[in-house]
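Visitor: Could you pick one part of this model and take me through it closely? After that, I'd like to hear how you would read some other spots along the chain.

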Amino acid sequence: MNGSFLIGGIFSIHINTRSEQTTYTRQPLKPQCSGSMNFRGLRFARVMEFTIHEINNRTDLLPGITLGYQIHDSCAAVPMATKVGFQFANGVDPFFNDTDSCSKSAAAAVPAVVGDSNSTPSMSMARILGLLGIPQVSHYATCACLSDKRQYPAFFRTVPSDQHQAAALAKMVKHFGWTWIGAVRSDSDYGNYGMASFLKAAQEEGICVEYSESYYRTQPRSKLERVANVIRRSTARVIVAFLSSGDIKTLLEELTKQAPPPLQWIGSEAWITDADMLRFNMCAGAIGFAVPSSVIPGLREFLLDLSPAQALTSPLLTEFWESSFSCSLKGSSGGARKCDGSEDIRALQNPYTDMSQLRETNMVYKATYAIAHAIHGVICNDTQCDKSAKFTPWQVLDQLKTVNFTTNNGFQVTFDSYGDPVAVYELINWQVNKDGTMSFVTVGNYDSSKSRGQEFSMSRDISWMGGQSEVPVSVCSESCPPGTRKAVQKGKPVCCYDCIPCAEGEISNKTDSLNCEHCPPEFWPNTQRDACLPKPVEFLSWDDTLSIILTVFSIAGAFIAVCVAGVFYKHRTSPMIKANNSELSFLLLFSLTLCFLCSLTFIGRPSEWSCMLRHTAFGITFVLCISCVLGKTIVVLMAFRATLPGSDVMKWFGPPQQRLSVLTFTLIQVLICVLWLTISPPLPFKNLKQYKERIILECGLGSAIGFWAVLGYIGFLALLCFILAFLARKLPDNFNEAKFITFSMLIFCAVWVTFIPAYVSSPGKFTVAVEIFAILASSFGLFTCIFAPKCFIIIFRPEQNTKKHLMGKTASKAF
């Protein structure tokens, strides 16, 4: 069609090419189209024709200007696309004319081109047109590589780049929890670049690919069979197919011979809305992204307004008519009947007449309008256009970068710096109808202009493979439950892993955790190791059985000491009491009572006051006790020496001196305790190291020097007392209290010597129990050795509690 300006168009109207040569050495190869007609490609060509007619009838766009067109067939092949690219650049007629196009005189080059339908032919043509600045606006070439402006500076497209489709597919696969998939692609620029983008996006989403195979329909059949067998043997139940319509059809036909296990097919836009594919039942439930469906007012009437006479005006329309109705317009040909005029194009059911969705068709509509708006911006002002204006394709190219308009059917058209539109897709699902047929249903959307994480949305339920309602599972390994972590299996993808239980003290509270986390110091994992619980706090509590036993012994010891004190007080005038220094005896009984009771301060939850009280009370009461015993020992020694003629030693160690010695020894311990509490007192301490799974609440020593100084001073006095009592053990029987003191000190020292290793090695609350036991054992030892014999004589042998008995023949033996 002629006009003020001609726009070029190139579409894949036929599938294959053949090359002819007359003589190998003299004639070059001459690409020619062959094979069956692609009705969808023909529809694209006619939509461009329809759009130009619509533009020419408008008064607001290119007023007074008519556009013409040159439409060529690329046959979906690089050689033909390259030839057409040179024709557009040189301004020759379409190659469908019977005359040799190379002998024609050159006309003006076209200012812009719509097409091609496929990525690889578009790339070869874009390199030629880009050198001359002729803009090319493709409606269906989706390869992400075409966004490279260094290689393709004049390339634009109205269909989104596969970069966006790959990202959308990866997000969708991740959304449904599929981490183990298969991948198959066309061995072409479309398939290879598209799959590379998808695999990169899938890796970022944590998706693993079991296999990635490629195939092109012209490759040997053995390659097709190998790809089919890989699909049959795979364990992945989801397969992503970045295939052209012709390649997926060939592959499915091969798979039909020996059906693989049920698969969830994920399709690219090239075939997911191809109505011819609905005959493959194994693809029931397939999902994939496609450009949005649309309605183009008036297009149906234009495409169906075709009569046999009109079809004869174009070789392409003639071929379409004859192949659609299996008749010949020009007479009998190859046995076909002659078309008689009864053929009804409106009754046809093929891609040419299918107006149900108009997805890629709308991309042709938008591309043609984009070029018209760019030319309008070059030659028109606000009110009129200059029909005689001279302009170059470079000007149209620059104008295309800034176009921004809305088509008659409500679609926004604009291009970014890469020549790409905003990526908007519909999620298509192949759903089985009640009659057993399949149809395309839109179940979701993807809009790259929305904020991150909000691009993908679902609008209705999906029918999955085989028509099932539940989402199929496709994983290499089952999810690791909380309490475990993933450990990648050696030599396998990261999606193949073992579930390893978290180590001691660690948890994982999420499914498929990569690592386990340590619980905080005061927490410990539960049995399932999916939550941290507060560690149980352990201390010697009052309701503990061991505490009750120790409390009974402590109170019993104090009670007995008080009872003995009562017995001594009642018999305070008896010779036995007088002979054994009644004042120190009462003081000793008092200190022993305190020793028994001080053990109670070690029971219960440690607090600041209890920690300071228990150690200081223990240290002071025991020093008071040992001081009394030491005083009694010294009295025994002095009393024996006082019986020697001329000795007045007792006047140097009478009652005042005895009281002073006890007070002095005790004050030294008090001073040590005061210094200890002042410098670094014992305070409550949570012991987290002794046990991993529980906390030992104990009293920290504060200053270890202070603690061992208190114990050391007690030990020093006890050792001194033991030595003096040992020296006095052979004194006459009436002074045999020294023997009992010796035994008591021996028991006392033995208890506390064994206490040290037992204290250090005892676990948890038993550390405190060992300390209480040592206090009670040493207290009972002192009490039993010193007071039990006296009480026995006073109560059960009163006849021996006489001065005569005490001063009898035993005294004569001493002298």
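**Strand S8 and beyond**

Guide: Let's start with strand S8, which pairs with strand S10 (residues 238–242) in the parallel sense over five bridges. Pairing here takes at least two DSSP bridges between two strands, and the elements are DSSP runs numbered from the N terminus: helices are H or I with at least four residues, strands are E with at least two. Before going on: this is a predicted model, so local features need pLDDT of at least 70 and side-chain atom pairs count only at pLDDT 80 or more, while totals for chains, interfaces and linings use all residues. Residues are numbered from 1 along each chain as its sequence is written, and side-chain values use heavy atoms, with hydrogens and water left out.

Back to S8, residues 180–186. On the S10 side, look for Val184, whose bridge partner is Ala241. S8 also runs parallel to strand S9 (residues 208–215), and seven bridges join the two. There, Trp180 stands opposite Cys208. To get from S8 to S9 the chain passes through helix H5 (residues 189–204), a β-α-β crossover that is right-handed (strands pointing away from you, the path from the first strand over the helix to the second runs clockwise).

Now the side chains. In a regular strand they alternate between the two faces of the sheet. In S8, Trp180, Gly182, Val184 and Ser186 point one way, while Ile181, Ala183 and Arg185 point the other. Seven of the seven residues are buried, that is, under 20% relative accessible area, with exposed meaning over 50% and partly exposed in between (1.4 Å probe, protein chains only).

Helix H10 (residues 315–325) has buried residues too, among them Leu316, Phe320, Trp321 and Phe325. Just after H10 comes Ser326, with a positive phi near 55°.

Further along is an open sheet of three strands, ordered S26-S28-S27, with mixed pairing. Its edges are S26 (537–538) and S27 (684–687), each pairing on one side only. S26 pairs with S28 (residues 695–699) in the parallel sense over two bridges, and Glu538 stands opposite Ile696 in S28.

The loop between S27 and S28 carries Lys692, which reaches a distant part of the chain: Glu504, 188 residues apart, in the loop between S21 (497–501) and S22 (506–507). Their closest N and O atoms are 3.2 Å apart in a salt bridge, meaning a Lys or Arg side-chain nitrogen within 4 Å of an Asp or Glu carboxyl oxygen. Lys692 is exposed at 52% relative accessible area, and Glu504 is partly exposed at 49%. Salt bridges that share partners also join Arg221, Glu225, Glu254 and Lys257 into one network.

By that rule the count comes to 21 salt bridges. Including Arg58 with Asp60, at 2.7 Å between the closest N and O atoms, and Lys401 with Asp398, at 3.9 Å. Lys401 is partly exposed at 46%, and so is Asp398 at 45%.

Finish at helix H18 (residues 704–727), where Ile723 lies. Partly exposed at 42%, Ile723 joins Leu719, Phe726 and Leu727 in a nonpolar surface patch with about 390 Å² of accessible area together. Patch residues have over 30% relative accessible area and no salt bridge; like charges are joined within 9 Å, nonpolar side chains (Val, Leu, Ile, Met, Phe, Trp, Tyr) within 5 Å. The areas are Shrake-Rupley values with a 1.4 Å probe, and for residues only the protein chains shown count as cover.
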